[in-house]
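Work through the exercises below with the sequence and the model open. Each task is followed by a solution in steps.

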Amino acid sequence: MDELAAPGRKSIGAKRNPESADAILEAAEAVLAEAGYSGFSIEAVARRARAGKPTIYRWWPSKAALLIEVYQRQKRVETPDTGKLEEDLAGFLVNLFAHWRDTSSGNVFRSLIAEAQSDKAAAAALADYARGRRAHTGRMIERAKARGEVAADVDAELVADLVASFAWRHLLTNRLDEDEAKIRIAVRYVVRGVLRDRS
């Protein structure tokens, strides 16, 4: 069966029905909370949401794509705008580490990165997500450019990649309790490489 079985909720083809999509995402969150990443499956989500697997796969082409949307839905990480790049980046990383450490999101994202090493669908979903995050973090650099704090020729997305590599390394090695002072030192090293020479 290709449609949700609950009365009043049905698939409308490739275009998502918001009510149906929410039911599927809520079911995915529940399955993940109960069974963990290793026990997560599209079949389990379909049963809980009373949805047809074809509907889920039409809206999310892979298990990884669905999990990334669940991850994004749960993610609550403040991006500071203090007027100083160093403070913005340090504050963002402190908030991100706390989110990964204090919620199930860290384990989910770590597992997605691991699966992407051997699964093409997971790798594609992770690459799509990373592009969006790179642009999001890059906006902090662009704001600093607009203030004249950073040289105009600095590649904002490359700086964002440097910040992400620091974060992902800590996630993958389970070092999310890094001291805030060390996070600030790492950010300072990055920022000193992009600050305009004011001498």
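The model is predicted.

**Exercise 1. The aromatic cluster**

Task: State which residues are linked into a cluster by ring pairs, then classify the pair of phenylalanine 97 and tryptophan 100 and the pair of phenylalanine 109 and tryptophan 168.

Solution:

Step 1. The cluster joined by ring pairs consists of Tyr71, Phe97, Trp100, Phe109, Tyr129, Phe166 and Trp168. Across the whole structure, the search gives 8 aromatic pairs.

Step 2. For phenylalanine 97 and tryptophan 100, the ring centres are 6.4 Å apart and the planes meet at 20°. Planes under 30 degrees apart count as stacked, so this pair is stacked.

Step 3. Phenylalanine 97 and tryptophan 100 are 3 residues apart in helix 5, which means that about one helical turn separates them. An α-helix has 3.6 residues a turn, so residues three or four places apart point the same way. Phenylalanine 97 and tryptophan 100 are both buried.

Step 4. Phenylalanine 109 and tryptophan 168 have their ring centres 5.3 Å apart, with 85° between the planes, and the pair is edge-to-face. Because phenylalanine 109 belongs to helix 6 and tryptophan 168 to helix 8, the pair ties together parts that are 59 residues apart in sequence.

Step 5. Phenylalanine 109 has 1% relative accessibility and is therefore buried. Tryptophan 168, with a relative accessible area of 25%, is partly exposed.

**Exercise 2. The geometry of helix 7**

Task: Compare the expected span of helix 7 with the distance between its end C-alpha atoms, and locate its kink.

Solution:

Step 1. Helix 7 covers residues 120-146, which is 27 residues. At 1.5 Å a residue, the expected span is 39 Å.

Step 2. The end C-alpha atoms of helix 7 are 38 Å apart, which agrees with the expected span.

Step 3. Helix 7 has a kink of about 30°, and its centre is at arginine 139.

Step 4. Now look at both ends. At the start of helix 7, aspartate 119 places a side-chain oxygen within 3.0 Å of the backbone nitrogen of alanine 121. After helix 7 comes glycine 148, with a positive phi near 85°.

**Exercise 3. The buried residues of helix 7**

Task: Which helices do the buried residues of helix 7 pack against, and is threonine 137 buried or exposed?

Solution:

Step 1. The buried residues of helix 7 include Ala122, Leu126, Tyr129, Thr137 and Ile141.

Step 2. The packing partners of the buried residues are helix 4 (63-74), helix 5 (85-102), helix 6 (105-116) and helix 8 (156-172).

Step 3. Threonine 137 is part of helix 7. Its relative accessible area is 6%, so threonine 137 is buried.

Step 4. With neighbours within four places in sequence set aside, threonine 137 contacts Leu89, Phe92 and Ala160.

**Exercise 4. Asparagine 95**

Task: Place asparagine 95 in its helix and list the residues it touches.

Solution:

Step 1. Asparagine 95 sits in helix 5. At 25% relative accessibility, asparagine 95 is partly exposed.

Step 2. Not counting residues up to four places away in sequence, asparagine 95 touches Val77, Glu78 and Pro80.

Step 3. Arginine 76 is 19 residues from asparagine 95 in sequence, and their C-alpha atoms are 8.9 Å apart.

**Exercise 5. An annotated segment**

Task: Describe the chain over the residues that UniProt labels "DNA-binding region".

Solution:

Step 1. The unreviewed UniProt entry places this feature at residues 41-60.

Step 2. Residues 41-60 are 75% helix and 0% strand, and the end C-alpha atoms of the segment are 13 Å apart.

Notes: Residues are numbered from 1 along each chain as its sequence is written. This is a predicted model: local features need pLDDT of at least 70, side-chain atom pairs count only at pLDDT 80 or more; totals for chains, interfaces and linings use all residues. Side-chain values use heavy atoms; hydrogens and water are left out. Helices (H or I, at least four residues) and strands (E, at least two) are DSSP runs, numbered from the N terminus. The expected span of a helix is 1.5 Å times one less than its number of residues. The bend at a residue is the angle between axes fitted to the seven residues ending there and the seven starting there. Buried means under 20% relative accessible area, exposed over 50%, partly exposed in between (1.4 Å probe, protein chains only). Contact means heavy atoms within 4.5 Å. A polar contact is a pair of N or O atoms within 3.5 Å; within protein, one must be able to donate a hydrogen and the other to accept it, and residues adjacent in sequence count only if both atoms are side-chain atoms. UniProt positions are given in the numbering used here, feature names are shortened, and annotations may be inferred rather than shown by experiment. Rings of Phe, Tyr and Trp (its six-membered ring) pair if their centres lie within 6.5 Å; planes under 30 degrees apart count as stacked, over 60 as edge-to-face and the rest as tilted.
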